[in-house]
Amino acid sequence: MAQESPKNSAAEIPVTSNGQLEDSHEHSFNRDLKRSLPVGLGLSETKITSHGFDGAKEGVVEAGQFASPSASPKSSVISPSSAAASRLAGQGCDLIIPTGGRAQQKSGPVVLADEVKNPAMEKLELVRKWSLNTYKCTRQIISEKLGRGSRTVDLELEAQIDILRDNKKKYENILRLAQTLSTQLFQMVHTQRQLGDAFADLSLKSLELHEEFGYNADTQKLLAKNGETLLGAINFFIASVNTLVNKTIEDTLLTVKQYESARIEYDAYRTDLEELNLGPRDANTLPKIEQSQQLFQVHKEKYDKMRNDVSIKLKFLEENKVKVLHNQLVLFHNAIAAYFAGNQKQLEQTLKQFHIKLKTPGADAPSWLEEQ
């Protein structure tokens with residue numbers, strides 16, 4: 001006689017239609033149920049689900065894949081005995097045995113999100129748009145260089161941009177010459193200071209030429225002092241012109257480059273729209289024309305905005321340039337004239353007028369108290 005599987009206390013509690021326990025048919029129900037199940041499968045591996053108490057559904061036992069070759073890979077339906085079937089039909093219950101003998105609960109419907117954001121797809125879309133835009137702009141640039149494509153030109157604005165670029169080159173040349181003058185003046189001042197020290201030393205050692213060496217020592221030291229004052233004025237002039245050329249004008253030219261890029265994009269999409277308008281209009285081309293019209297409008301607004309920004313920056317740059325160069329040219333003239341005229345008082349007054357402070361030797365080095 002085959003050995004029966006051990007009983008499970010939870011599986012032996014039957015449920016009646018009114019939810020109360022029933023002891024009279026307990027042994028017969030368990031016996032019929034054991035006969036209907038395969039050998040080796042205990043009641044602890046089953047699950048009972050209810051379909052309602054007043055339903056007339058037939059009881060069904062669902063089992064997973066067993067060693068039997070006739071079993072289905074997913075699940076098989078096993079009809080219980082007549083006593084167990086009537087028992088389950090009266091109680092409106094199903095007996096479910098999942099695959100592998102482990103209990104599984106019936107899950108509800110799986111709801112997927114309508115739109116799942118994929119970062120890789122977003123990056124791919126950005127790369128696609130960038131590639132398409134680059135292709136259109138490159139084609140427009142090549143067409144303009146070959147003389148085949150048309151370009152939008154603002155004559156007044158283009159003339160102002162050309163003048164600005166030409167002035168930048170001239171200001172850079174002035175800046176290089178001023179830096180060369182500063183370097184040479186620094187060497188001359190350094191030589192004059194050394195020459196003055198040498199004359200002063202000889203005036204102390206040569207008694208017969210004491211006065212002559214002394215006069216030359218004082219002259220060279222005075223020239224070195226005035227040269228340092230002039231050097232401070234020239235360096236201040238260089239710093240101001242350098243700020244104007246390499247920061248203010250360069251910032252405006254950067255905006256000009258952005259304006260030119262916007263102009264190329266505008267002409268590229270304008271040419272694309274014109275080509276589509278010259279072609280046939282049917283169900284396939286109308287969506288493309290509408291999309292091209294939208295892209296053209298976007299780049300037109302961008303082009304108009306950049307053109308307005310360039311006009312405003314050129315206006316403010318011209319006002320700032322006149323103000324800065326006026327002050328710096330007056331400073332340069334007065335300092336050079338006072339230095340070569342030997343007017344030390346006028347030279348120092350010029351520096352005070354423009355609030356220029358000279359650095360004393362060793363002023364850059366921190367004191368011993370600051371080092372502490």
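Read along the sequence, the chain runs α-β-β-β-α-β-α-α-α-α-α-α. The model is predicted, so local features need pLDDT of at least 70 and side-chain atom pairs count only at pLDDT 80 or more, whereas totals for chains, interfaces and linings use all residues. Residues are numbered from 1 along each chain as its sequence is written, and side-chain values use heavy atoms, with hydrogens and water left out.

**Exercise 1. State how many helices and strands the chain has, and what share of its residues is buried.**

Solution.
- Step 1: Helices (H or I, at least four residues) and strands (E, at least two) are taken as DSSP runs, numbered from the N terminus. The chain has eight helices and four strands.
- Step 2: Buried denotes under 20% relative accessible area, exposed over 50%, and partly exposed in between, with a 1.4 Å probe and protein chains only. Of the 372 residues, 31% count as buried.

**Exercise 2. Determine which parts of the chain are tied together by the salt bridge between Glu250 and Lys168.**

Solution.
- Step 1: A salt bridge requires a side-chain nitrogen of Lys or Arg within 4 Å of a carboxyl oxygen of Asp or Glu. The closest N and O atoms of Glu250 and Lys168 are 3.6 Å apart.
- Step 2: Glu250 belongs to helix H5 (residues 210-278) and Lys168 to helix H4 (residues 155-205), so the pair ties together parts that are 82 residues apart in sequence.
- Step 3: Glu250 is partly exposed at 32% relative accessibility, while Lys168 is buried at 12%.

**Exercise 3. Contrast the sequence separation in the pair Lys302 and Glu265 with that in the pair Arg307 and Asp304.**

Solution.
- Step 1: Lys302 and Glu265 form a salt bridge with an N to O distance of 3.4 Å. Because Lys302 lies in helix H6 (residues 285-340) and Glu265 in helix H5, this pair ties together parts that are 37 residues apart in sequence.
- Step 2: Lys302 is partly exposed, at 40% relative accessibility, whereas Glu265 is buried, at 13%.
- Step 3: In the salt bridge of Arg307 with Asp304, the closest N and O atoms are 3.2 Å apart. These two residues are three residues apart in helix H6, and therefore about one helical turn separates Arg307 and Asp304.
- Step 4: Both partners are partly exposed, Arg307 at 28% and Asp304 at 27%.

**Exercise 4. Give the number of salt bridges in the whole structure and identify the residues linked in a network.**

Solution.
- Step 1: A search of the whole structure yields 17 salt bridges.
- Step 2: Arg263, Asp267, Arg270 and Glu274 are linked in a network of such bridges.
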